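Thanks for asking me to look this one over. My notes follow as numbered points, with the cut-offs given where a term first comes up.

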Protein chains: 2
Amino acid sequence: MLPYPLGLVEKLAISTPSRILLVVLDGVGDAAPSGETPLAAARTPHLDALARDASLGLSTAVAPGIAPGSGPGHLSLFGYDPFVYEVGRGVLSALGLGVDLGRDQVAARGNFATADAAGKIVDRRAGRISTALNETLIAALGAATREIDGVRVELRTEAEYRFVALLTGEGLGGNVADTDPGRVGEPPLEPLPLTGDEADRRAARVLARLAERARQVLSDLPAARTAEPAVNAVLLRGIGKKPDLPQLPALAKLRAGAIAIYPMYRGVARLVGMDCVPIDLAGTGERTAAKMAAYAAHAAAHELLYFHVKKIDSAGEDGDFAKKVGEIEAFDAIVPSLLAAAPDVVVITGDHSTPVPLRAHSWHPLPVLVWSRFARPDRRRFTEADCRGGSLGELRHLDLLPLAMANAGKLAKYGA
Amino acid sequence: MLPYPLGLVEKLAISTPSRILLVVLDGVGDAAPSGETPLAAARTPHLDALARDASLGLSTAVAPGIAPGSGPGHLSLFGYDPFVYEVGRGVLSALGLGVDLGRDQVAARGNFATADAAGKIVDRRAGRISTALNETLIAALGAATREIDGVRVELRTEAEYRFVALLTGEGLGGNVADTDPGRVGEPPLEPLPLTGDEADRRAARVLARLAERARQVLSDLPAARTAEPAVNAVLLRGIGKKPDLPQLPALAKLRAGAIAIYPMYRGVARLVGMDCVPIDLAGTGERTAAKMAAYAAHAAAHELLYFHVKKIDSAGEDGDFAKKVGEIEAFDAIVPSLLAAAPDVVVITGDHSTPVPLRAHSWHPLPVLVWSRFARPDRRRFTEADCRGGSLGELRHLDLLPLAMANAGKLAKYGA
């Protein structure tokens with residue numbers, strides 16, 4: 001049997017026309033020392049009206065004290081235990097850059113780094129170089145490493161000191177250990193194959209030569225040599241192939257779609273088998289109009305629709321309370337349009353908290369709202385304080401998929 | 001990977017100068033039929049002020065319905081699943097007597113017991129003899145059993161009918177079954193080796209001869225013969241060596257220290273790799289002044305400091321409500337001095353409840369308080385009733401180490 005909850009979902013799922021809307025307010029949870037969080041401060045009449053008739057609770061994304069990245073946070077929401085379904089950093093970074101990895105591709109997350117004369121790493125992030133310098137270095141490296149040992153190599157800037165290396169070659173393996181020693185004072189490690197398979201050994205050889213060529217190119221490159229500190233090494237980690245996850249539409253007997261703008265979220269949705277609903281991606285920021293147009297056109301065609309709202313998290317990362325309030329209020333304004341498509345079940349929560357005082361992802365449990373004809377109405381607001389003690393009690397994100405499906409009449413009785 | 005939460009902690013720990021203070025109020029939880037517990041009745045202005053700005057919750061020490069001993073209760077608090085890291089009763093008793101077991105030592109917990117003429121046990125505790133009689137018997141037994149088969153034997157009084165047997169010998173094994181049949185009407189069992197290893201067989205032989213010699217000595221000893229009931233047998237259980245636990249400082253990348261007076265707590269702290277901060281152990285009771293002097297001198301040198309408060313538990317064991325209230329108020333008085341060392345995170349809870357009406361350790365979940373700059377402030381008191389429904393919700397003690405580390409900024413994000 002698949003791990004909880006997928007095994008149960010697979011066993012009990014019933015195909016019905018009822019529709020579930022899963023809204024992910026990225027980073028919505030907060031933890032203000034004053035006690036008043038952005039959710040509490042925001043004026044949210046539409047969300048309040050929905051919450052009054054909904055069941056509320058607090059949900060831990062991954063585990064107490066654990067601040068999840070977007071990958072594990074979303075996998076949990078989709079019913080995939082992130083401790084079981086580990087997706088490498090390289091794959092997540094590639095997804096974040098909009099690269100849809102194929103079966104013959106291996107992704108690795110790369111760091112530009114600084115080594116001393118003896119080759120020992122003295123700064124694992126090369127002084128957090130600018131994205132502009134990263135692009136310059138990647139252009140030079142890319143030109144020198146288009147192919148190694150018959151494998152196509154592609155390098156892409158992510159941000160600051162981070163890049164992604166993509167290898168494409170038939171029968172290439174992805175089980176290769178990090179070259180990042182994880183601390184300063186040691187030289188980069190060899191990329192060791194983690195199995196005896198020739199496929200993994202080949203990937204390891206290519207990555208070793210890639211790292212060696214990168215050192216040579218950087219040592220000849222004035223922009224790298226004269227940077228302060230010098231950029232003269234690369235570290236590779238999270239090496240791997242796109243994992244073969246069980247696919248949600250087949251498991252849960254429903255059509256699953258994603259409405260998301262940013263590549264990371266589209267990528268994770270695709271990993272579990274969701275369709276990315278066509279959206280006009282032009283522009284920057286939340287692109288609410290484009291998302292709502294896509295929603296209006298495609299809501300009816302999916303029994304599970306994941307709708308992602310990004311900028312609440314960005315405001316938290318910026319430590320900007322007023323901006324976070326504003327983004328929550330901007331979401332409130334589209335609630336009536338979301339409800340206009342008449343979903344049978346609405347679930348609203350976040351993939352992790354991003355408290356303003358912390359300016360980073362955090363472990364704080366998330367407010368969660370489940371509205372359906374069968375929800376116990378809690379007559380409260382969708383805030384951290386009101387959700388505490390709501391009738392959903394305390395949950396894990398892994399509980400939300402079966403809970404949503406149950407409210408939608410999509411789960412059969414368990415046992416006679 | 002190590003079991004939860006140690007595996008996650010090992011993977012995500014970051015070394016930072018931030019400091020965590022973990023205060024263990026031994027046996028603090030209660031369950032008064034009137035509803036008013038000692039924590040609710042106590043006047044605790046300093047604790048109240050801290051609690052107002054802290055997140056509260058109820059934490060189950062080990063599992064629902066399970067009343068833990070001090071060993072499992074503390075191991076859980078330190079992040080060690082007591083169902084995985086079982087520490088034998090003999091080892092815990094030895095630690096409680098201040099014996100720091102070496103690699104060549106085996107400890108067993110002993111009971112003085114009463115057998116009938118046929119050798120069947122009729123009282124597994126020999127009528128709960130006095131500690132004074134225990135000391136008399138141990139003196140006589142000790143003189144007769146200093147060495148068996150090249151193994152040094154040392155016997156020590158614990159209290160009432162309980163003693164500890166320590167065997168010291170190179171290459172001695174610790175996998176030997178109890179001789180205590182666990183019920184009356186049966187003779188003591190042979191101490192059987194649990195493996196085929198010669199080391200375990202040798203320990204079993206030594207323990208068998210120890211039990212036999214004890215019978216002979218007791219049968220000749222007037223104090224034992226004339227006791228009512230007669231003390232004429234010993235039962236051995238919890239036989240074992242000190243376990244090799246993963247060490248917390250290396251795992252969690254922090255310096256961990258313990259401020260505790262009683263040997264059991266110092267011993268358990270040392271098991272997980274904590275340093276026992278030097279304290280003037282002279283005197284009896286709580287020895288608050290000595291602990292506070294040690295705290296003032298050493299708080300800054302540990303990123304995790306465990307501070308043990310004993311007498312609240314003792315008052316619970318005595319069934320003395322007013323005394324338990326008084327001990328809680330005595331703790332409240334030192335809260336300002338604890339905070340004066342400016343810890344970044346404060347966690348306050350107990351290792352188990354010791355309800356006044358029960359006069360014993362219990363299973364009742366414990367109030368827990370987590371204060372940090374990033375805690376959601378619950379604006380409540382640190383009582384059983386107020387902690388229920390606090391924003392930490394319901395926890396297990398195993399969750400507290402990652403939660404404390406997260407609040408201290410000592411855990412990296414999980415996944416990208």
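**Notes on the model**

1. Let me begin with one residue: B:Arg379 sits in the loop between β14 (366-371) and α14 (384-387) of chain B. Helices here are DSSP runs of H or I with at least four residues and strands are runs of E with at least two, numbered from the N terminus. This is a predicted model, in which local features need pLDDT of at least 70 and side-chain atom pairs count only at pLDDT 80 or more, while totals for chains, interfaces and linings use all residues. Residues are numbered from 1 along each chain as its sequence is written, chains are lettered from A and ligands numbered from 1 in the order in which they are written, and side-chain values use heavy atoms, with hydrogens and water left out.

2. What does B:Arg379 touch, not counting residues up to four places away in sequence? With contact meaning heavy atoms within 4.5 Å, the list is A:Pro33, A:Ser34, A:Gly35, B:Ala51, B:Arg52 and B:Asp53. The side chain of B:Arg379 also makes a polar contact with the side chain of B:Asp53, at 2.9 Å. (A polar contact is a pair of N or O atoms within 3.5 Å; within protein, one must be able to donate a hydrogen and the other to accept it, and residues adjacent in sequence count only if both atoms are side-chain atoms.) The C-alpha atoms of B:Arg379 and B:Leu50 are separated by 9.4 Å, though the two are 329 residues apart along the chain. At 42% relative accessibility, B:Arg379 counts as partly exposed; buried means under 20% relative accessible area, exposed over 50%, and partly exposed in between (1.4 Å probe, protein chains only).

3. Next, the relation between the copies. A turn of 119 degrees and a shift of 0.3 Å along the axis lay chain A on chain B with an RMSD of 0.2 Å. The two copies are thus related as by a three-fold rotation axis. The superposition is by least squares on the C-alpha atoms of residues with pLDDT of at least 70 in both. Of the residues of chain A, A:Gly389 comes closest to the axis, with its C-alpha at 3.4 Å.

4. How many residues does each chain bring to the contact? Chain A gives 34 and chain B gives 29. Only 3% of the interface residues of chain A are also interface residues in chain B, so the copies meet through different surfaces. About 2400 Å² is buried between the two chains, 57% of it on carbon and sulfur atoms. (Buried area is the accessible area, 1.4 Å probe, that two parts lose on being put together, summed over both.) In chain A, A:Pro64, A:Trp363 and A:Arg388 lose the most area to chain B, together 25% of what that side buries.

5. On the polar side of this interface, 11 residue pairs are in polar contact, both residues at pLDDT 80 or more. The count of salt bridges between chain A and chain B is 2, where a salt bridge is a side-chain nitrogen of Lys or Arg within 4 Å of a carboxyl oxygen of Asp or Glu. B:Lys11 forms a salt bridge with A:Glu86, with the closest N and O atoms 3.9 Å apart.

6. Salt bridges elsewhere deserve a look too: the whole structure has 43 over all chains. In one of them, the side chains of A:Asp30 and A:Lys324 meet at 2.7 Å, N to O. A:Asp30 lies in the loop between β1 and α2 (38-41) of chain A and A:Lys324 in helix α13 of chain A, so the pair ties together parts that are 294 residues apart in sequence. Are these two buried or exposed? A:Asp30 is buried at 1% relative accessible area, and A:Lys324 is buried at 0%.

7. In chain B, B:Asp30 and B:Lys324 form a salt bridge with closest N and O atoms 2.7 Å apart, and both residues are buried. B:Arg156 pairs with B:Glu154 at 3.2 Å; here B:Arg156 is partly exposed at 30%, as is B:Glu154 at 25%. Back in chain A, a network of salt bridges links A:Asp149, A:Glu198, A:Arg201 and A:Arg205.

8. Lastly, some packing. Helix α11 (residues 288-298) of chain A has A:Ala290, A:Lys291, A:Met292, A:Ala294 and A:Tyr295 as its buried residues. These pack against β1 (20-25), β9 (256-259), β11 (304-309) and α13 (321-340) of chain A.
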